[in-house]
Amino acid sequence: MDYYIRKEYGEAYRLHVDDIVTNGLHPETVGQVIDSYFNQVVYSLNQPAAARGSQSVFWNVAYFDSPYFHQLFEGFVFPDGSDLVSHWASVNWLQRRFMKWFNKERTKNLLTFPVESFSLLNDGKTFVDKDSADFVAEMYAEGHSFFTYTSDSVDSLASCCRLRNGIQDNQFSYTLGAGGVSTGSKCVMTININRLVQNTHRAWKAEGSHGDFMTRLSSAVVDQTELIHKYLLAINKIICDMRDCHMISIYDAGFIAPEKQYLTCGINGLVEGAEYLGIKPTDNDQYATYVNAIMSPIFEINKRDKTRTVMFNTEMVPAENLGVKFAKWDKKDGYFVPRDCYNSYFYRVEDPTVNLVDKFRLHGSKYTGRLDGGSALHGNLEEHLTKDQYWMLLHTAIRTGCNYFTFNIPNSICNKCGHIEKHRFDKCPVCGSEDVDYATRVIGYLSRVSKWSLDRQKEAARRFYSTQRNL
Amino acid sequence: MLKYTGYSITFQEVPNEIALVFPISGCTRHCDGCHSPWLQTDIGDNLEDDFHYIVGKYIGEITCVCFMGGDDVDPEALARLIKAALLYGLKTCVYSGAPYGTACTEVFRHLERGDLTYLKVGPYIRELGGLASSTTNQRMYRWNPKRNYYEDITSWFWRKRV
C-alpha cells in the first residue's frame, strides 16, 4: 500500500498529509484518502463470506518493528526495481497511522477483525527498537487491544491467537506479500488432557501405583500423540489427493503450499487434569513438572516425525466450542469435571489469586518452552493502564519469556444508541439506557459476549479481571 | 504484629505504579460500606514472616509495595516493613482510613520524611464516595523529593479514561 501511495502522492507523502489532492465538492487531503482506503479494506473484509457459512473472513494484520522489518524484507524488490527496506520510515508511518485509525474506528463500530499483532525484537533485557516498543505501550494506553509478539531473534512470527510459524527461509510468500512467511495449519486434532490424565491415573493406581506417575503420564502422552499423528497423516493424504485433483483452489492459485502448513496436535483440559491430580495450576515447581511431562513428549515426537513434506506442531488450542464439548462428554462419562468449559490457558481464568505477573510467568518459557505452536496470554484487566505501566509489563514479558500476549479490557456497547466505549459501563453515558452489551475476546478476536455460546458466556462471567478498584 | 490476608498485584490503587498490595487485618475504623469488612476482624498470618519471600518473588516486576487496611494496629512493624521495601528499591504506599491530620502519625514517628512515597487518608464515607469520586473526602498524597513535601494527587483518579 505504501508503494502505491508513494507512486500516487510522491515519496515524501507522509510529510504532506494535509495537502488537498482531490477535486469536487468535498476535496480530500492525502490523509483522508489514505483513511478511506483503510476504511474500504476493513469494512469489505468484515462482510459475511458465503464460503465460510456467512461468517466474515478471519484475517490478521502484522506490524513490525525495524529489525523484524529489515530481516524479513531484506532484498525484496518492487517491479519497478526499487527496494522495500529503504522505505522503512514511510512504511512505519503508514502502519502506525492504520493502528491509530483502527483504534478510533472501533469506537464507531464493533469490528471483529483484523486481529493485530505487533512484533518486537528484544535482546533479553530490553527492546532493540525502543521507538516501536514505546509506540506499543502508547497504543495500549490509548485503549487499543492487539497482540504483541516478542522474541530475542527474528525466528518466528505469530498471527492471531495461537499460530506461531518458524521462519525458515527467506523466500517469497504470497500470504504476506513477501518475506517467506506462509501461515497455517492443515488440520488440528486435540487431545483431551483431562481425560488422558484421569485414565492414566486410574490405570496406574489399579496396577498398584508402581513407579513415578509423571513418567507413566509421559508415556501415555506418547501413545496418544502417535495415534494422533496417524490420523493427521491420513487427513494430510486426503488433502494432497484433493490437491492433485485440483479441487483446492488456494493451492492451485499458489497462495500456499501444503508442505508449508502444519499438522497440529492440540491441547485442551491441561488445567483440569492438574486439578484432578491435586496440583495447583499456579506458578509452582510441581505444576511445571506436570506441564513438561505432557509437553515434552509431544514436542519430541513432533520433531521426530517431521519429514520433507509434513511438519507437526503443538498448540494450546482456543477451543471456542471444544472446551465446552469436552466438559460435557467427560461429565456424561463420569470423569472429574471442575467446570463447564475447559480452560484455554495455563491458569484458572476465575482464580483471583493468580495475578498478572503470575500469568506472564505461566505463559513464559518455563511452561511454554516446549509448545512449538504457540500460546497466547490474555491479560484481563478491569481498567486501562498508563503508558508507564504497560512499558513495565512489556519488560515483564521479556523477563518471563512470555512471547505472545495481549491485554483485554471489556468494551461496552449500548444496545439502544450504539455508543461504544473502551471500558466497562453499566449505564450508557450518552442515552442512559441500561441495555448494554460487552465485547471482549472469546479467544483471539473481539466479539459481543451475548453472541457467544451459553457455556462460553458463563465462562466469561467467571473470568477474573485484575485490578478491580479497591478504594 | 501485622496480619495480612493474601496479596495481589494491582494497577489502579497507586497511580502509574505496579503495586504489590497487602491487605492488613484488624482495622479499627469500621467505615460504613467498607469494601472489605473482613479486614475489621483479626485474621491472617504474620506479614513480617512472609514479607521477604513474597516481595522476593516479584522483585523486578513491581514498582511499589502498598499496605491497605489495619495500618494503626502495629505502627512499629509497619515502619519496619516500609523500610524493608525501600531497601528493595521499591516505592511505598499506605492506605489509611485515618482522618486527615492524624493519619499514620504513629508510623511517621518511626520513619524518615519521604520514606513513605504515597499516602491515602480519610475514612470511607458512603455519600461522598471513594477516591474515584470527585466529591470524595479521601486524599491521596505523593512525596515530592524536590520540593520536600507531600503533594495532593487525588485528582489523578478523576482523569478521563480512554
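Which residues is Gly269(A) in contact with, leaving aside its neighbours within four places in sequence? Point 1 takes this up, after a word on the model: the structure is predicted.

1. Gly269(A) and its contacts. Gly269(A) is in contact with Ile193(A), Asn194(A), Tyr342(A) and Asn343(A), once its neighbours within four places in sequence are left aside. The residue is found in the loop between strand 9 (262-268) and helix 9 (270-276) of chain A. Its relative accessible area is 0%, and a residue counts as buried under 20%, so Gly269(A) is buried.

2. Gly269(A) and Phe326(A). These two residues are 57 residues apart in sequence. In space, their C-alpha atoms are 8.1 Å apart.

3. Glu116(A). This residue has its place in strand 4 (residues 115-121) of chain A. With a relative accessible area of 2%, Glu116(A) is buried. Its side chain is joined to the side chain of His144(A) by a polar contact of 2.9 Å.

4. The surroundings of Glu116(A). Not counting residues up to four places away in sequence, Glu116(A) touches a list of residues that includes Phe98(A), Phe102(A), Phe146(A) and Phe147(A). Val61(A), Tyr63(A) and Met99(A) are also among them. So are Arg106(A), Ser145(A) and His144(A), the last being the partner in the polar contact.

5. The contact between the chains. How many residues does each chain bring to the contact? Chain A gives 27 residues and chain B gives 24 residues. Between them, chain A and chain B bury about 2500 Å², and 54% of this area is on carbon and sulfur atoms.

6. Pairs across the interface. The rule finds 1 salt bridge across the interface of chain A and chain B. The salt bridge is formed by Arg399(A) with Glu61(B), and the closest N and O atoms are 2.9 Å apart. Across this interface the rule also finds 10 residue pairs in polar contact, with both residues at pLDDT 80 or more.

7. Chain A's side of the contact. Helix 12 (356-362) and helix 14 (387-400) of chain A are the elements that give two or more residues to the side touching chain B. Helix 14 of chain A supplies the largest share of that side, 6 residues. Sorted by class, the side of chain A that touches chain B has 8 nonpolar, 10 polar and 9 charged residues.

8. The elements of chain B. Chain B has 3 helices and 9 strands. Read from the N terminus on, its elements run β-β-β-β-α-β-α-β-α-β-β-β.

9. The overall form of chain B. Is the radius of gyration of chain B in agreement or at odds with that of a compact globule? For 162 residues, a compact globule would have a radius of gyration near 15 Å, and chain B has 15 Å, which agrees. The C-alpha trace of chain B spans about 40 × 40 × 35 Å along its principal axes.

10. Burial and contacts in chain B. Of its 162 residues, 51% count as buried. Among the contacts in chain B with a separation of 6 or more, residues 24 or more positions apart account for 61%.

11. Cys34(B). This cysteine has its place in the loop between strand 3 and strand 4 of chain B. Its relative accessibility is 25%, which means that Cys34(B) counts as partly exposed. Cys34(B) touches Gln40(B) and Tyr124(B), not counting residues up to four places away in sequence. Cys34(B) and Ile125(B) are 91 residues apart in sequence, yet 8.8 Å apart in space, C-alpha to C-alpha.

12. His30(B). The loop between strand 3 (19-24) and strand 4 (45-46) of chain B holds His30(B). His30(B) is not a glycine, although its phi is positive, at about 50°. Is His30(B) buried or partly exposed? With a relative accessible area of 49%, His30(B) is partly exposed.

13. Asn148(B). This residue also has a positive phi, near 60°, and is a residue other than glycine. The place of Asn148(B) is in the loop between strand 8 (139-144) and strand 9 (149-152) of chain B. Asn148(B) has a relative accessible area of 45% and is partly exposed.

Terms used: Residues numbered from 1 in each chain as written. Chains lettered and ligands numbered in written order. Predicted model: local features only at pLDDT ≥ 70, side-chain atom pairs only at ≥ 80, totals over all residues. Heavy atoms only, no water. Contact = heavy atoms within 4.5 Å. Buried area = accessible area lost by both parts, 1.4 Å probe. Salt bridge = Lys/Arg side-chain N within 4 Å of Asp/Glu carboxyl O. Polar contact = N/O pair within 3.5 Å; in protein donor to acceptor, adjacent residues only side chain to side chain. Helix = DSSP H or I, 4+ residues; strand = E, 2+ residues; numbered from the N terminus. Nonpolar A, V, L, I, M, F, W, Y, C, P; charged D, E, K, R; others polar. Rg over C-alpha atoms; globule rule 2.2 N^0.38 Å. Buried < 20%, exposed > 50% of the residue type's maximum accessible area, 1.4 Å probe, protein only.
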